[in-house]
Amino acid sequence: MPLSPEAIGEAANILAEVRMKSITMTEIPANCRPETLDDAYAIQVSVHERLEKAGWGPIAGHKVGCTTTVMQKYLKIDQPCAGGIFETTVHAVEGRYDRSAMHRPGVECEIAVRLCADLPGRNGPYDHDSVGPAVGAVMTSIELVDDRWTDFKQQPMACLLADEFFGAGCVLGSEVSDWQDLDLVALSGRMRVNGVEIGSGTGADILGHPLNALAWLADLRVKQGRPLKEGEFVTLGSLVQTVWIDSGDEVVADIDGLGIAVLNL
């Protein structure tokens, strides 16, 4: 049975407190633990409301995760997942984050897009061709994640999803508005930590075409009654497996044709 509104609120209170107080959790209590993706997304929305009231600002963008084989294998999740990104956790080109505000920080190298038009839905699902006109710019991105669990490998997918599968923020590189001249499928990207390359991938790794991830999210948000809007950004999934970092680390994501993004901890 679906969770009651009270149970959704209870789970959201727990997850919001974990993020605000930088503490960890072993599990979501059984009485409010999501078992379906619909419940997990409902908890996400409730968490957003609580954190926005706590001063985190509005949701400025969206993240799509588990869109590449490397991340699906790592998290043992065989389908894309979506989450929100708070305005106060986003930096342009280069960002510095407070290590003390996180439990186990990590980074991922991603392609991101900025929307120049709404995606309100259409007859039939979106595909990469039909979302293309709504993409105003493409950019390199570093997603910052934070493992807030004592052992995330013991958590079912719905619980990881309710907590936005580690989402903590992102650095967006310079926006490339003439992206139509680029072959997004062939773009090659890599991530370095303290000058050492730790992984690489290509646009084709993201569901066969990076904009397939945007199309998937656009359809999901229409179904949820929260369609994607002009001005929002979307990170489309990591080209490399999550790398856990610590104080003093410098992370550089570099995607051919899109430039770099830099994160310091």
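1. Start with the walls of the largest cavity in this predicted model. Strand 1 (59-65), helix 3 (69-75), strand 5 (105-115) and strand 10 (233-238) each put at least two residues into its lining. Strand 1 gives the largest share, with three residues.

2. If you want to find that cavity on screen, pick out Lys63, Val64, Gly65, Cys66, Met71, Leu75, Glu108, Glu110, Glu143, Phe165, Gly237 and Ser238, which line it. They enclose about 70 Å³ of space. Sorted by class, the lining comes to five nonpolar, three polar and four charged residues. Among the charged ones are Lys63, Glu108 and Glu110.

3. How many cavities of 30 Å³ or more does the structure hold? There are two. The second largest has a volume of about 60 Å³, and its lining is made up of Arg19, Trp56, Lys63, Gly84, Ile85, Phe86, Thr89, Glu143, Leu144, Gly167, Ala168 and Gly169. Lys63 and Glu143 are worth a click, as they line the largest cavity and also the second largest one.

4. As for which elements surround the second largest cavity, strand 2 (81-86), strand 6 (135-146) and strand 7 (167-172) each supply at least two lining residues. By class, the lining splits into five nonpolar, four polar and three charged residues.

5. Now for the pockets. The largest pocket takes up about 310 Å³. It is lined by 16 residues, and those closest to its centre are Trp56, Thr89, Ala101, Met102 and Ala168. Some of these names should ring a bell: Trp56, Thr89 and Ala168 also line the second largest cavity.

6. Which elements each supply at least two residues of the lining of the largest pocket? Look for helix 1 (5-21), strand 6 and strand 7. Strand 6 and strand 7 also each give at least two residues to the second largest cavity. The pocket's lining holds eight nonpolar, four polar and four charged residues.

7. The second largest pocket has about 210 Å³ of space. Its lining consists of Leu37, Asp38, Tyr41, Gln79, Pro80, Cys81, Met157, Leu161, Trp216, Leu220, Lys223 and Gln224. Helices do the listed work here: helix 2 (37-56), helix 5 (157-162) and helix 6 (210-223) are the elements that give two or more residues.

8. What classes of residue line that second largest pocket? Eight are nonpolar, two are polar and two are charged. The charged pair is Asp38 and Lys223, while Gln79 and Gln224 are the polar ones.

Note on methods:
Residues are numbered from 1 along each chain as its sequence is written. This is a predicted model: local features need pLDDT of at least 70, side-chain atom pairs count only at pLDDT 80 or more; totals for chains, interfaces and linings use all residues. Side-chain values use heavy atoms; hydrogens and water are left out. On a 1 Å grid over the protein atoms alone, a cavity is a set of points where a 1.4 Å probe fits but cannot get out, and a pocket is an open set with protein on both sides within 12 Å along at least five of seven lines; lining residues have an atom within 4 Å of a point. Grid points are joined across faces, edges and corners, and a volume is the space filled by probe spheres set on the points. Helices (H or I, at least four residues) and strands (E, at least two) are DSSP runs, numbered from the N terminus.
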